[in-house]
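Here are a few exercises to work through with the model open beside you. Have a go at each one before reading its solution.

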Amino acid sequence: MEPISVNDELQEFRNQARTYGKQILKIEKVGNGNMSALRLFYKDAGSETVKEQFFWRHDMQKLLDVFAAEAQQ
């Protein structure tokens with residue numbers, strides 16, 4: 001399925017992150033305007049430590065690639 005809205009893209013991001021052992025707690029938009037910066041709060045599988053990551057909407061795949069690399073270690 002091709003995402004048709006930001007919410008669809010974020011839901012797909014959540015689903016992919018879950019496959020890499022990440023529990024997504026919250027994603028919030030930061031700032032305003034056309035450049036959608038996002039703030040992500042998540043936990044690694046089996047951890048209670050909440051991590052925070054900022055990323056651009058157009059860089060979602062890069063962050064998923066980082067999660068995939070961490071999952072392979």
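**Exercise 1.** Leaving aside its neighbours within four places in sequence, which residues is K43 in contact with? Then decide whether K43 is buried or exposed.

*Solution.* Keep in mind that this is a predicted model.
- Start by locating K43: its place is in strand β2.
- Next, list the contacts beyond four places in sequence: G21, K22, Q23, L25, E48, T49 and V50.
- Look again at E48, since its side chain and that of K43 are joined by a polar contact of 3.2 Å.
- Now the accessibility: the relative accessible area of K43 is 14%, and the cut-off for buried is under 20%, so K43 is buried.

**Exercise 2.** Work out how strands β2 and β3 run and how many bridges join them.

*Solution.*
- Take β2 as residues 37-44 and β3 as residues 51-56; the two run antiparallel, with six bridges between them.
- For a pair to check by eye, find L38, which sits opposite F55 in β3.
- Then follow the chain from one strand to the other: six residues lie between them in this hairpin, and G46 in the turn has a positive phi of about 75°.

**Exercise 3.** Describe how helices α1 and α2 are arranged and which residues meet.

*Solution.*
- Fit the axes of α1 (residues 6-19) and α2 (residues 60-72): they come within 10 Å and cross at roughly 10°.
- Angles under 35 degrees count as roughly parallel, and α1 and α2 are therefore roughly parallel to each other.
- From α1, E9, L10, F13, Q16 and A17 meet M60, L63, L64 and F67 of α2.
- Sort the residues of this contact by type: seven are nonpolar, one is polar and one is charged.

How values were computed:
Residues are numbered from 1 along each chain as its sequence is written. This is a predicted model: local features need pLDDT of at least 70, side-chain atom pairs count only at pLDDT 80 or more; totals for chains, interfaces and linings use all residues. Side-chain values use heavy atoms; hydrogens and water are left out. Axes are lines fitted to C-alpha atoms, for helices over the stretch in contact, and angles run from 0 to 180 degrees between N-to-C directions. Helices (H or I, at least four residues) and strands (E, at least two) are DSSP runs, numbered from the N terminus. Angles under 35 degrees count as roughly parallel, over 145 as roughly antiparallel, 65 to 115 as roughly perpendicular and the rest as oblique. Contact means heavy atoms within 4.5 Å. Ala, Val, Leu, Ile, Met, Phe, Trp, Tyr, Cys and Pro count as nonpolar, Asp, Glu, Lys and Arg as charged, and the others, Gly among them, as polar. Two strands pair if DSSP finds at least two bridges between them. Buried means under 20% relative accessible area, exposed over 50%, partly exposed in between (1.4 Å probe, protein chains only). A polar contact is a pair of N or O atoms within 3.5 Å; within protein, one must be able to donate a hydrogen and the other to accept it, and residues adjacent in sequence count only if both atoms are side-chain atoms.
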